[in-house]
Amino acid sequence: MGERLKDKVALVTGGAQGIGRAIAGIFAAEGAVVGVLDIRAEEAEKAAQSIRDAGGRAHSYAGDVSQRETFSTAVDALEKLYGRFDILVNNAIWVRYNSIDAITEKTLLRMVGTGFNSVVWGIQVAAPAMTRSGGGSIINIASAAGFLGIPSAMVYCGVKAGVLGLTRSASVDLGGSKIRVNAIAPGSVVTEGVTINVDEAMRAKRIARTPMGRLGGVEDISAAALFLASDDSTFITGESLLVDGGVTHAFS
Ligand SMILES: NC(=O)c1ccc[n+]([C@@H]2O[C@H](COP(=O)([O-])OP(=O)(O)OC[C@H]3O[C@@H](n4cnc5c(N)ncnc54)[C@H](O)[C@@H]3O)[C@@H](O)[C@H]2O)c1
C-alpha cells in the first residue's frame, strides 16, 4: 500500500467495472477512502468488497449519475462518515455508436445524461464539499473522441468535446477554492464498454495507427488519474491529458 492519497476521500462514478474500477482500486491502494458509485448496485458492492478484501477502504453507492441527487447522496454520506471530501472522478457513461440517421431521442438523452449532465451535477455537488475541506481535485474522464471526428459517433464525440470545454471553465471558477479540475482523454482501452462499440477489425486498425503499437489498458488510465488526484499535480488545472499511445497526434 502506498500513501500518495493518504486519508483522502474520493468518489468514482461508474466504478463497478473497466476504467472506473481500476481508478477506485489504485486510489484505495494509495490510502484513500473510495466511494464506488454505479447504477448497478450489486456490481458496485462487489467492487467495493474486493477493494476491502485487498486491505483498502471502500463503500458502494447505487444511483444514476444523470440525476443530481445521486451525487448529493453519495457525497453527503462520505462527508458525514469522514468529515471531508477531496476527489471526484466523473467516469460513468452509457455509449452506443450510431450512424446519424439511427440516433433516437432515447439514446441521445441517455448519452448526454450519463456523459455530460452527470459531470455538471458532479462538479456542482462536489465543489462546496471540497471547499469545506480546503480544496480538492476533480477528474473528468473525457476521450480522444473529444478531439477527433470518429465516424458514426457524433453524439459521443460531441459529449466528450463538451466535457473538455466544461473542464476548462470549471477550473477557472473553482481555482480560488483550491479545487483543480482536469480531464483525461483516453484512446481505445480494452473494457467491457468498448467491446460493445468497437469490433475486432476496428481494433486492429486502431492498433496499426497507434505509435505505441497497442491499445490502452485500464492501468494506463488509472495511473494518470492517480497523478491528477495527488499532490504531484498541484499546479495543473484546466488541462486535458491525452492517454492514447500517441494515436490522436499521429497522421497517417
Ligand atoms: N474504454 C475505452 O476505450 C474508452 C476510451 C475513451 C474514453 N473512455 C471513457 O472512460 C470512461 C469509462 O469507460 P469504460 O470503457 O470503463 O466503460 P464501461 O462501459 O466498461 O463502464 C461504465 C460503467 O458506468 C456505469 N454506468 C453506466 N450508466 C450509468 C449511470 N447512468 N449511472 C451510474 N453508472 C453508470 C456502468 O454500469 C459501468 O460500470 C467513460 O467515460 C468512457 O467514455 C473509455
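**Entry 1: a helix over the sheet**

I started with helix α5 (residues 154-174), which lies across β5 (136-141), β6 and β7 and runs at about 165 degrees to β6. I took axes as lines fitted to C-alpha atoms, for helices over the stretch in contact, with angles from 0 to 180 degrees between N-to-C directions. Contact between two residues means C-beta atoms, placed from the backbone, within 7 Å. Helices (H or I, at least four residues) and strands (E, at least two) are DSSP runs, numbered from the N terminus.

The model is predicted: local features need pLDDT of at least 70, side-chain atom pairs count only at pLDDT 80 or more, and totals for chains, interfaces and linings use all residues. Residue numbers start from 1 along each chain as its sequence is written.

**Entry 2: the sheet**

I looked up the strand order next. The sheet is open, has 7 strands and reads β3-β2-β1-β4-β5-β6-β7, with parallel pairing. β3 (57-62) and β7 (240-243) are the edge strands, each paired on one side only. Neighbouring strands are turned by 20 degrees against each other on average, direction ignored. I counted two strands as paired if DSSP finds at least two bridges between them.

**Entry 3: β1 and its neighbours**

Is strand β1 (residues 9-13) buried or exposed? I found 5 of its 5 residues buried. The cut-offs: buried is 20 or more other C-beta atoms within 10 Å of a residue's own, exposed is 12 or fewer, partly exposed is in between, and C-beta atoms are placed from the backbone. In a regular strand, side chains alternate between the two faces of the sheet. In β1, V9, L11 and T13 are on one side, A10 and V12 on the other, and all are buried.

β1 pairs with strand β2 (residues 33-38) in the parallel sense over 5 bridges. I noted T13 with L37 as its bridge partner in β2. Helix α1 (residues 18-29) joins β1 and β2 in a right-handed β-α-β unit. Right-handed means that, with the strands pointing away from the viewer, the path from the first strand over the helix to the second runs clockwise.

β1 also pairs with strand β4 (residues 87-90), parallel, over 3 bridges. There L11 stands opposite L88.

**Entry 4: β5**

I moved on to β5. All 6 of the 6 residues are buried, so β5 is largely enclosed by the rest of the structure. G136, I138 and N140 point one way, S137, I139 and I141 the other.

β4 and β5 run parallel and are joined by 4 bridges. N90 has N140 as its bridge partner in β5. The chain crosses from β4 through α4 to β5, and this crossover is right-handed.

Toward β6, I found 6 bridges, again parallel. S137 stands opposite R180 in β6. β5, α5 and β6 make a right-handed β-α-β unit. Strand β6 (residues 179-186) pairs in turn with β7 over 4 bridges, in the parallel sense. P186 stands opposite V243 in β7.

**Entry 5: the ligand**

Which residues are closest to the ligand? They are G14, G18, S143, T191 and G193, out of 28 residues that surround the ligand. α1 and α6 (192-197) are the elements that give two or more residues to this shell. I used a limit of 6 Å from the ligand to the C-beta atom, placed from the backbone.

By class, the shell holds 12 nonpolar, 12 polar and 4 charged residues. Ala, Val, Leu, Ile, Met, Phe, Trp, Tyr, Cys and Pro count as nonpolar, Asp, Glu, Lys and Arg as charged, and the others, Gly among them, as polar.

**Entry 6: G113**

I checked G113, which sits in helix α4 (residues 105-132). G113 is partly exposed because 18 other C-beta atoms lie within 10 Å. Leaving out residues up to four places away in sequence, G113 touches S66 and S118. G113 and G14 are 99 residues apart in sequence and 13 Å apart in space, C-alpha to C-alpha.

**Entry 7: positive phi**

Last, I looked at two backbone angles. D7 is not a glycine, yet has a positive phi of about 65 degrees. D7 lies in the segment before β1. With 12 C-beta neighbours inside 10 Å, D7 counts as exposed.

K178, also a residue other than glycine, has a positive phi near 60 degrees. I found K178 in the loop between α5 and β6. K178 counts as partly exposed because 15 C-beta neighbours lie inside 10 Å.
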